[in-house]
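Thanks, everyone. I will walk through one model today, going loop by loop, then helix by helix, then pocket by pocket.

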Amino acid sequence: MRFRDRADAGKKLAQALKKYQGQIGVVYALPRGGVVLGAEVARALNMPLDLLIPRKIGHPLQPEYAIGAVVESGEMVSNQREVARVDPQWFRQEVEAERQEARRRRELYLGGRQPVPVEGRTAIIVDDGIATGLTMEVSIREARRLRPAHLVVAVPVAPPDTVERMSREVDEFVVLDRSPYYLGAVGAYYDSFYQVSDEEVVALLRSVAADERVKEHDRP
């Protein structure tokens, strides 16, 4: 399965999630790319859009290779075998630096807006795809900490072994591409996979929030 762009993938995800339309819940997008899909899903399901902000911790000699991931609360996951091979002090410093960066991004993207309550409700985590799985794994842990009644992960594409493993951690795992062969990179499934800017993330969040306010005003 291929997607024209993230918006196209988001519309297809929304169709796969249509049984949740009208339920009380929250769509959580992973910035930056996941916000494009999250906006499509939130609008289609009539749910508010919020963020989970995992930050990758790259290997000191190969920064693109993730050996860990952390979120604002300090929740963390790591590749223990790889972490054991790096300097412990360096790793602790990186974890704290990325935790602070996640907090900075929440302020940048949401401007002090309070998180949407999800306890006892449905939480749907959306991203544009999964590669190593560490950022999604820590996002699942963070979402569990918020105590939703039902937790869903929805992505267009992910490695089959990752889908199998993570399906045990959530109530439902929705993946659009069911091929047993993973192409090795999320971008390989998209015709257009440009770098999403901070400005686009802010604009999308504001747009969905404005739509939500209009719906609230129109309700009897």
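Start with N46, which is partly exposed because its relative accessible area is 33%, a value between the 20% and 50% cut-offs. Before I go on, please keep in mind that this is a predicted model. N46 sits in the loop between α2 and β2. Its backbone is worth a look: N46 is not a glycine, yet its phi is positive, about 60°.

R147 also has a positive phi of about 60° without being a glycine. You will find R147 in the loop between α5 and β7, the strand that covers 150-155. Is R147 buried or exposed? R147 has a relative accessible area of 56%, so it counts as exposed, the cut-off for that being over 50%.

Two more loop positions. The peptide bond between P31 and R32 is cis, with omega about 0°. R32 belongs to the loop between β1, residues 25-29, and α2. Keep P31 in mind for the pockets.

The other loop position is P156, between β7 and α6, and α6 is residues 160-166. P156 has 0% relative accessibility and therefore counts as buried. What does P156 touch, leaving out residues up to four places away in sequence? The list is F3, A9, L13, L37, D127, D128, G129, V175, L176, D177 and Y190. As for S197, it is 41 residues from P156 along the chain, and the two C-alpha atoms are separated by 21 Å.

Now the helices, beginning with α5. Does its length make sense? What span should its 12 residues have at 1.5 Å a residue? The expected figure is 16 Å, because the span is 1.5 Å times one less than the number of residues, and the end C-alpha atoms of α5 are 17 Å apart, which agrees. The buried residues of α5 are L134, M136, E137, V138, S139, I140, E142 and A143. Their packing partners are the strands β4, β5 (76-78), β6 (122-126) and β7, together with helix α6. Right after α5 comes R147, the residue with the positive phi near 60°.

Helix α4 gets the same check. Its 23 residues should span 33 Å at 1.5 Å a residue, and its end C-alpha atoms are 33 Å apart, so the two agree. The buried positions in α4 are F91, V95, E98, E101, A102, R105, R106, Y109 and L110. Following α4 is G111, with a positive phi near 55°.

One of those buried positions deserves its own slide: R106, in α4, which runs over residues 88-110. R106 is at 16% relative accessibility, so it counts as buried, given that the cut-off is under 20%. What does the side chain of R106 make a polar contact with? The partner is the side chain of E72, at 2.7 Å. Setting aside neighbours within four places in sequence, R106 is in contact with D50, L51, L52, I53, E72 and G111. So E72 turns up in the contact list as well, as does G111, the residue that follows α4.

That brings us to the pockets. R106 and E72 are both among the residues nearest the centre of the second largest pocket, along with P115, E142 and L146. This pocket has a volume of about 180 Å³ and is lined by 16 residues. Strand β2, residues 49-51, and helix α5 each supply at least two residues of that lining. By class, the lining has 10 nonpolar, 1 polar and 5 charged residues.

The largest pocket has a volume of about 1000 Å³. How many residues line the largest pocket, and which lie nearest its centre? There are 36, with P31, K56, D127, D128 and T135 nearest the centre. Giving two or more residues each are α2 (33-45), β3 (55-59), β4 (62-70), α4 and α5 (134-145). Strand β4 gives the most, with 4 residues. By class, the lining counts 16 nonpolar, 10 polar and 10 charged residues.

Two links back to the loops. P31, one of the residues nearest the centre of the largest pocket, is joined to R32 by the cis peptide bond. D127 and D128, also nearest that centre, are among the residues that P156 touches.

Notes: Residues numbered from 1 in each chain as written. Predicted model: local features only at pLDDT ≥ 70, side-chain atom pairs only at ≥ 80, totals over all residues. Heavy atoms only, no water. Buried < 20%, exposed > 50% of the residue type's maximum accessible area, 1.4 Å probe, protein only. Polar contact = N/O pair within 3.5 Å; in protein donor to acceptor, adjacent residues only side chain to side chain. Contact = heavy atoms within 4.5 Å. 1 Å grid on protein atoms, 1.4 Å probe; cavity = no way out; pocket = protein on both sides within 12 Å on 5 of 7 lines; lining within 4 Å. Points joined across faces, edges and corners; volume = space filled by probe spheres on them. Nonpolar A, V, L, I, M, F, W, Y, C, P; charged D, E, K, R; others polar.
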